[in-house]
Amino acid sequence: DKNSRTNEESYAVVNSSDDKLTPTLEQTPIVKCNTGYTNGELRITNYSADYAYTFNPELSVEPTINGNVATYSISATQAVKYTVTATHNTYNTCSTSASITVALTDNTPTITNAAITAGEDAVCVNTGTTLTASATTDKGTLSYLWNTDATTENIETGNLTENTTYTVTITATNASCPVTTEVSKTITVNPLSAPTISASANSGV
């Protein structure tokens, strides 16, 4: 009858390959900073409640649904490739799959060649020298903090009266991810030598 034909036609349309819903996927990378990780995201941007979604590897977290966007939080310590299969809730022969890799971004910088160089490693008492901090990093920017509270690469010691150790903390920061290292240098102060006085007797004639 007419109703039977209508139901059959509806079933045929839903089961046609043209009406299968292939998941459209986006990702936000997992972010590493030092030994910590910030969760990434996997998003289905054409989400439909008419479909059930399965993941390989399995993803057990519940999504946050906002309109037709379903967002899944991804907790991992490496990049992960997911295959998402959408299966119609009523006509379960209608399944399609798509894959995406949730990437890993390592924001951790590395500091190398950290050092302090001095204009002079040893100075006379009541004199001073210039100290220069240096380092290299593979990413981000460098900043300096001396134990004198100075924040420049170069500092003047001022006049010294005794051996003095200077320490600088060097920080590399990349995308709000900091790494620090410390280096120290001691400036030796040489005391003034006391003058030597010698006397000689005058010989008479």
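User: Buried means under 20% relative accessible area, exposed over 50%, and partly exposed in between (1.4 Å probe, protein chains only). By these cut-offs, is Tyr 53 buried or exposed?
Analyst: The model is predicted, so local features need pLDDT of at least 70 and side-chain atom pairs need 80 or more, while totals for chains, interfaces and linings use all residues. Residues are numbered from 1 along each chain as its sequence is written, and side-chain values use heavy atoms, with hydrogens and water left out. The relative accessibility of Tyr 53 is 13%, so Tyr 53 counts as buried.

User: How many strands does the protein have?
Analyst: Helices (H or I, at least four residues) and strands (E, at least two) are DSSP runs, numbered from the N terminus. Beside 1 helix, the protein has strands numbering 17.

User: What share of the protein's residues counts as buried?
Analyst: The chain total covers 205 residues. Under the 20% cut-off, the buried share is 29%.

User: How much of the exposed area do carbon and sulfur atoms supply?
Analyst: Areas come from the Shrake-Rupley method with a 1.4 Å probe; for residues, only the protein chains shown count as cover. The protein exposes about 12,600 Å². Carbon and sulfur atoms supply 46%.

User: Among contacts with a separation of 6 or more, what share joins residues 24 or more positions apart?
Analyst: A contact means heavy atoms within 4.5 Å. Of the contacts with a separation of 6 or more, the share from residues 24 or more positions apart is 59%.

User: In what order do the strands of the open sheet of 4 strands run?
Analyst: Two strands pair if DSSP finds at least two bridges between them. The pairing in this sheet is antiparallel. Its edge strands, each paired on one side only, are β1 (25-28) and β6 (64-66). The order is β1-β4-β7-β6.

User: By what angle are neighbouring strands of this sheet turned against each other on average?
Analyst: Axes are lines fitted to C-alpha atoms, for helices over the stretch in contact, and angles run from 0 to 180 degrees between N-to-C directions. For this average, direction is ignored. The angle is 20 degrees.

User: Which residue of β4 is the bridge partner of Leu 25?
Analyst: β1 and β4 (residues 40-44) run antiparallel and are joined by 4 bridges. One facing pair is Thr 28 and Glu 41. For Leu 25, the partner is Ile 44.

User: Why is β4 described as largely enclosed?
Analyst: β4 also pairs with β7 (residues 69-74), antiparallel over 5 bridges, where Arg 43 faces Thr 71. β4 is largely enclosed by the rest of the structure because its buried residues number 4 of the 5.

User: Which residue of β10 stands opposite Ile 30?
Analyst: β2 (residues 30-33) and β10 (residues 104-106) pair in the parallel sense over 3 bridges. Opposite Ile 30 stands Leu 104.

User: What phi does Asn 34 take in the hairpin of β2 and β3?
Analyst: β2 and β3 (residues 36-38) run antiparallel, joined by 3 bridges. Val 31 has Thr 38 as its bridge partner there. The hairpin has 2 residues between the strands, and Asn 34 takes a positive phi near 55 degrees.

User: Are the rings of Tyr 47 and Tyr 53 stacked or edge-to-face?
Analyst: Rings of Phe, Tyr and Trp (its six-membered ring) pair if their centres lie within 6.5 Å; planes under 30 degrees apart count as stacked, over 60 as edge-to-face and the rest as tilted. This rule gives 2 aromatic pairs. With centres 5.2 Å apart and planes at 25 degrees, the rings of Tyr 47 and Tyr 53 are therefore stacked.

User: How are the rings of Phe 55 and Tyr 72 classed?
Analyst: Phe 55 lies in β5 and Tyr 72 in β7, 17 residues apart, so this pair links distant parts of the chain. Both residues are buried. Their centres are 4.8 Å apart and their planes at 65 degrees, so the pair is edge-to-face.

User: Which peptide bond is cis, with omega near 5 degrees?
Analyst: Pro 57 lies in the loop between β5 (51-56) and β6. The cis bond runs from Asn 56 to Pro 57.

User: Is Asp 149 buried or exposed?
Analyst: Asp 149 sits in the loop between β14 (141-146) and β15 (154-156). Its phi is positive, about 80 degrees, although it is not a glycine. Its relative accessible area is 64%, so Asp 149 is exposed.
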